[in-house]
Amino acid sequence: MTARTVAIVQARMGSTRLPGKVMLPLLGEPVLTHVLRRVGRARTLDEVVVATTTLPADDAIVELAEAAGRRVVRGSETDLLDRYLAAARASDADAIVRVTSDCPLIDPEVIDLVVAAFRAADVDYASNTLEPLTYPRGLDLEVVGRAALERAGREDRDPAWREHATPYVYRHPELFRLHRVVADDDHADRRWTLDTPEDYALIERIYEALGRDDFGWREALAVVEANLAWGSSNRDVSQKAVPPSDGPG
């Protein structure tokens, strides 16, 4: 039986710093629409699934995803690991590509690169987010094997880690085989994720400058480098960190 590689896009309306951010417009369409379209262009994927919560506010996520022809799985608001496992089981995934819906510059070519690295290295987990970073923040990708994710689901007892889905895997290198994917050059100082109004202003400018959503991250970089003032607008925004474990395991 051929192994199935499934991208699971986590999405919800709740956000501390920018509520409803996945529905903000870019070129007249919601952020989430662009994320799903861009992820769907990756050649290494068998399916793209949306994992959202059971909260009524997230009915809008379900409606958008189903209209885009994507399977939707609903689960816990806070236990993201459990939500990912439910989506992996529903789609019979052997390898899970974790994508967050607040990354509208996610690049299908980078998805293919990380998936290929995961397969070639024969590991449990491959990512371009293992420190030190080299890709711009907002191209974040993790590929985790189903068996590793299932083990994390059984053994991780820390609610703070489960809220971020994968820390149990990448913070236990003695249990799991990890592989770091790096870019050819270092652009870790770029921030292209969507958490604040400043982030949105920058991403909106990039989309408007390119006028479409099928651009690669290098094209986005060229636009930002041609407009140096843009990159300074969200430079001081801090990324939400995964806390250290307070629980066993």
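Helix H1 is mostly covered in this predicted model, since eight of its 10 residues are buried. These buried residues are Val31, Leu32, Thr33, His34, Val35, Leu36, Arg38 and Val39.

One neighbour of H1 is helix H2. The axes of H1, which spans residues 31-40, and of H2, which spans residues 59-67, come within 10 Å and cross at roughly 40°; the two helices are therefore oblique to each other, and H1 passes H2 in a right-handed crossing. On the H1 side the contact is made by Leu32, Thr33 and Leu36, and on the H2 side by Ile61, Leu64 and Ala65. Sorted by character, the residues of this contact divide into five nonpolar, one polar and no charged.

Within H2 itself, the residues Ile61, Val62, Leu64 and Ala65 are buried. The buried residues of H2 pack not against H1 alone, but also against strand S3 (29-30), strand S4 (47-53) and strand S5 (71-75). Just after the end of H2, glycine 69 takes a positive phi of about 80°.

A second pair of helices is formed by H3, residues 80-90, and H5, residues 146-155, which pack at an angle of about 140° with their axes 10 Å apart. H3 and H5 are therefore oblique to each other, and their crossing is left-handed. In this contact Leu81, Tyr84, Leu85, Ala88 and Arg89 of H3 meet Arg146, Leu149, Glu150, Ala152 and Gly153 of H5, and the contact residues divide into six nonpolar, one polar and three charged.

The two helix pairs can be set out together as follows.

| Helix pair | Angle between axes | Axis distance |
|---|---|---|
| H1 and H2 | roughly 40° | within 10 Å |
| H3 and H5 | about 140° | 10 Å |

Away from these helices, asparagine 128 lies in the loop between strand S7 (125-127) and strand S8 (142-145). Is this loop residue buried or exposed? With a relative accessibility of 3%, asparagine 128 counts as buried, because buried means under 20% relative accessible area. The side chain of asparagine 128 reaches the backbone oxygen of leucine 139 at 2.9 Å, while a polar atom of that side chain lies 2.8 Å from the backbone nitrogen of leucine 141. Leaving aside neighbours within four places in sequence, asparagine 128 is in contact with Val110, Leu133, Tyr135, Leu139, Asp140, Leu141 and Val181, a list that includes both of the leucines reached by its side chain.

Conventions. Residues numbered from 1 in each chain as written. Predicted model: local features only at pLDDT ≥ 70, side-chain atom pairs only at ≥ 80, totals over all residues. Heavy atoms only, no water. Axes fitted to C-alpha atoms, helices over the stretch in contact; angles between N-to-C directions. Helix = DSSP H or I, 4+ residues; strand = E, 2+ residues; numbered from the N terminus. Parallel < 35°, antiparallel > 145°, perpendicular 65-115°, else oblique. Left-handed = near helix turned anticlockwise from the far one by under 90°. Contact = heavy atoms within 4.5 Å. Nonpolar A, V, L, I, M, F, W, Y, C, P; charged D, E, K, R; others polar. Buried < 20%, exposed > 50% of the residue type's maximum accessible area, 1.4 Å probe, protein only. Polar contact = N/O pair within 3.5 Å; in protein donor to acceptor, adjacent residues only side chain to side chain.
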